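I pulled this one up to see how the sheet is put together and what holds the chains against each other. Notes below, in the order I looked.

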Amino acid sequence: MDFNYLHNTMKKSAYSKRPFSILDPAQRDAFAFILEIILLETGARSSWEHWQDQQLKALTSHAKKRSEFWKRRIGSKKPTLKTLKLLPVLDRKDVIKQVASEGALITEADKIGASKNSSSGSSGTPVGFYVSRVNGRYNAVRGIAQDFMEQRNLRENRVKVSSATSDQAAGKKSYIKAANISGWLGPLANVFEHGITKKISYLNESDALIKELRKVTPHHLICSPSIMDIILGIGGVELLKGLGVKRWIQFAGHRSRDVEKDFRDAGIAISANYSSEETGPIAFECSENPGYYHVAISNVIVETDDSLTAEVNGETLSRVLITHLHSYATPFIRYDIGDFAKLSRSCECGHDGPTLSSIYGRAKQFIFYPDGRYMSFYYDAKDIQSRVECSEYQIHQQDIETIVIHIGGRTSIDENEENDLIGFIRHKTGANFNVVVRPVSEIDWRGNPKQLGFTSVFG
Amino acid sequence: MDFGFLKSSMKETAFSGRSLSILDNSERDALTSVMEIILLETGDRQARAQWQEQQFSALVDHARKRSKFWRNKTGVASATLSNLKLFPILSRSDVNVQLTSEGALLTKADRIGISMESTSGSSGKPVKFYASVANAKYMALRLFAQDLMEQRDFRENKVKIDFEADENSASSDKYFKVSTIKSGCGPLATVFEEGRISKINTLNTNKELLEELGKHTPHTIIARPNGMDSLLEMGGVELLVQLGVKRWIQMSESRSEETDKSFRDAGIDISANYSCEEVGPIAFECSKCPGHYHVAESNVVLEADDSLTTEVDGEILSRVLLTHLHSYATPFIRYDVGDFAKLSNTCDCGHDGPTLSHIYGRAKRFICFPDGRYIPLQFRAKEIFDHVDCTEFQIHQKDLKTIVIHIGGRESLNENEVAALNEFIRNRTGADFDVVIRPVLEIDWYGNPKRLGFTSAVS
């Protein structure tokens, strides 16, 4: 065990000047937290299971003490990892109800500070909930711990590209804003050299986006698959290579096997982080087995609930339930996050911990059939853009028989374009949906900042 | 980076039972201290050099402030590592002078406990000095860090064997005592399972020793080369293999290439720790390059002083000078520890740090010739026992022309035995010393607990 891989990554002034000290207190504390997480998550199974049991006990005890809602819900049970499944599933409506009636379950006297947060609504009605300072700190440190575990070069730049928010893009046809972000390493920024971290918010400004990407080598490009589709649409994988991209950190969404192959052939790594706004990090993609995600057991207990399953591409997937071990402000215990997946006890890479695969989330990403089936509905931007010229688009399942395609930046479309789109949907779904194609000058995203390519009234 | 190799060593109750915590405070502190050492010693070289510079500067400031001896000694040279060679060398008698006139340079007001220590006198007159509680704490952490770096299994048993009576029973002919040591892991004993750690003092009690070693597998034996020789006398390397020995931690002195080979062939690792009572750990033998020692830079700055060299086996070795960065109670700055060695910038294993080899110490281990040369006198006990039946022996260089061999348990020797011993000395030294052989019933060790096989009155 050594830190040889950190050569040339450390600042000359990394260490303390004080006698008998190696790191200064703030740096030492941050370093300690990372080590604890790594020890817990890569150490002995029986040890971390025991720890999870104790954390679960403390969380449920806190919830019962501070909340009538939770007292009724948990009753006299003393949940353990083994008996957790006896507790009822918590859904979004439950959370909304608990928060509305009781607010945060931590007070000033707890000295860990609570603040209101909200999910984006990409997976349904936005959920308002409380988080504590501890959660924010954990989320930041867990990301750094992942870099340590994967022995990443901290000097490499990270560039996050996301869609402009509705506020940013209000009334505009296009938008671009780039800003450097500091502080992702926290106190360890005094110890390690680190690359530039940049955030680009963008809408319909491809040239400006590429120009911005050229300013600082985006060694690690962080974006959703839909944004990556747009970038690939501009210049393919060759563009990424030309920009100096070494890794795509994919968040949210789903990537296709074709994309995986193209990236593999180009020597660009892909790793995805599976997380939710409610709980923070849930799992991190295995660097050796694409598509397999090691659960962040220092943060959550993940169950797959076989009482609700979906068939996707011939696989039976179960509903994912999350228990967030540090959710003292608004408890998430057996929370239905809206995703489906498979859960294994370990990973083929040798990691001895719960491992998710075939994650399909959120349920909103499914097409629903009259016969009760679900099917994941994923497609590339070029599936639409190759059929019709448009500034934006959205596919929406309006009811069990009807799919609506909004085409932005157009007042009308011709018959060929319409038939092409209808054919695409029917071929993709394997069913004779009633497909309505609506050209509009601007799509009404209804204030949803994610501007999802596919939405559904179901799920 | 992961702690996967620790899986089988971790206790189920390794982690904290407190909410929002992973390790309890003292465990967290201990783990962080150990990992800080590993980060410092295996991380970036420039950062480490800067830290050493800062620690050295703080040490010299402290010494100058509190000690007239040190103000006079160090003059006005600024305390930088590049100026280190301008500082005068500190000898044993200097340490005695400073201690006698000034005592400890830490007081009650510093709130760091101190204690008076002494060297054993094996390398000359005993040196008294003060050490602080921080020094003892560091020593324990550094040994633990070494086990982590080498990814040792903490569950393995360790037994230290001293082939001598303990200090309370020095006059006995036969002695046998076993004591167990509570924990090598300190506060981390609640996190990791540990093997049995024991100490055996044995003097002419081979039967009891073998019985004891048979009770609990001695996975690691800690012993000096002459002690290991005694064990090998009882049954060779085969005995060690039978007992289940996996590793010999060799303390002080040097070992022969023949020993290296026989252990290597038997699959038993050897690692030596180079240390001294005055400063604690100095360097640790490389697990990949036997005979090469990585300097413990978290503890010492080491120089090889070419103003005093010696030739050993065709190699020019330089005097070793040590600056103990944490010696606030009794400063050791450019301290002549009495050893000679070669110092390289790195190790062939890839370790990027100062590396010692050809350590010959202490100077007392050398045969000195009238022409000023030194050579180490290395031999195995077997080589004496093969030639003469005796209970104990000692070889002593009385002056530049005379070597005295005391043979214990005998009143007289026959001609063949005398000739064989003369031949032995001639072969080992390549010179015609006057060899005086003195059979005695009991050797007078002058109260020296180490009972060294070779001593010298010539420096």
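I started with a strand pair: β11(A) and β12 (residues 315-324) of chain A run antiparallel and share 10 bridges. Worth keeping in mind that I'm reading a predicted model here. Within that pair, I found Ala310(A) opposite Leu317(A) of β12(A).

Next I traced the whole sheet. It is open, has 12 strands with mixed pairing, and goes β4-β5-β3-β6-β7-β8-β9-β10-β14-β13-β12-β11 in chain A. Why do β4 and β11 of chain A each have one side without a neighbour in the sheet? They stand at the edges and each has a single partner strand, so nothing in the sheet flanks the other side. I also looked up the twist: neighbouring strands are turned by 35° against each other on average, ignoring direction.

Then I checked what packs on the strands. Helix α7 (206-215) of chain A lies across β3, β4, β5 and β6 of chain A, at about 175° to β5(A).

On to the interface. I get 52 residues of chain B in contact with 55 of chain A. The two chains bury about 4,900 Å² between them, with 64% of that on carbon and sulfur atoms. Met1(B), Leu20(B) and Leu39(B) give 18% of the area chain B buries against chain A, more than any other three residues.

For the polar side, I noted four salt bridges between the chains. Arg28(B) and Glu36(A) form a salt bridge through their side chains, 2.8 Å from N to O. There are also 20 residue pairs in polar contact between chain B and chain A. Last entry: α1(B) gives 12 residues, the largest share of the side of chain B that touches chain A.

Methods
Residues numbered from 1 in each chain as written. Chains lettered and ligands numbered in written order. Predicted model: local features only at pLDDT ≥ 70, side-chain atom pairs only at ≥ 80, totals over all residues. Heavy atoms only, no water. Contact = heavy atoms within 4.5 Å. Buried area = accessible area lost by both parts, 1.4 Å probe. Polar contact = N/O pair within 3.5 Å; in protein donor to acceptor, adjacent residues only side chain to side chain. Helix = DSSP H or I, 4+ residues; strand = E, 2+ residues; numbered from the N terminus. Pairing = 2+ DSSP bridges. Axes fitted to C-alpha atoms, helices over the stretch in contact; angles between N-to-C directions.
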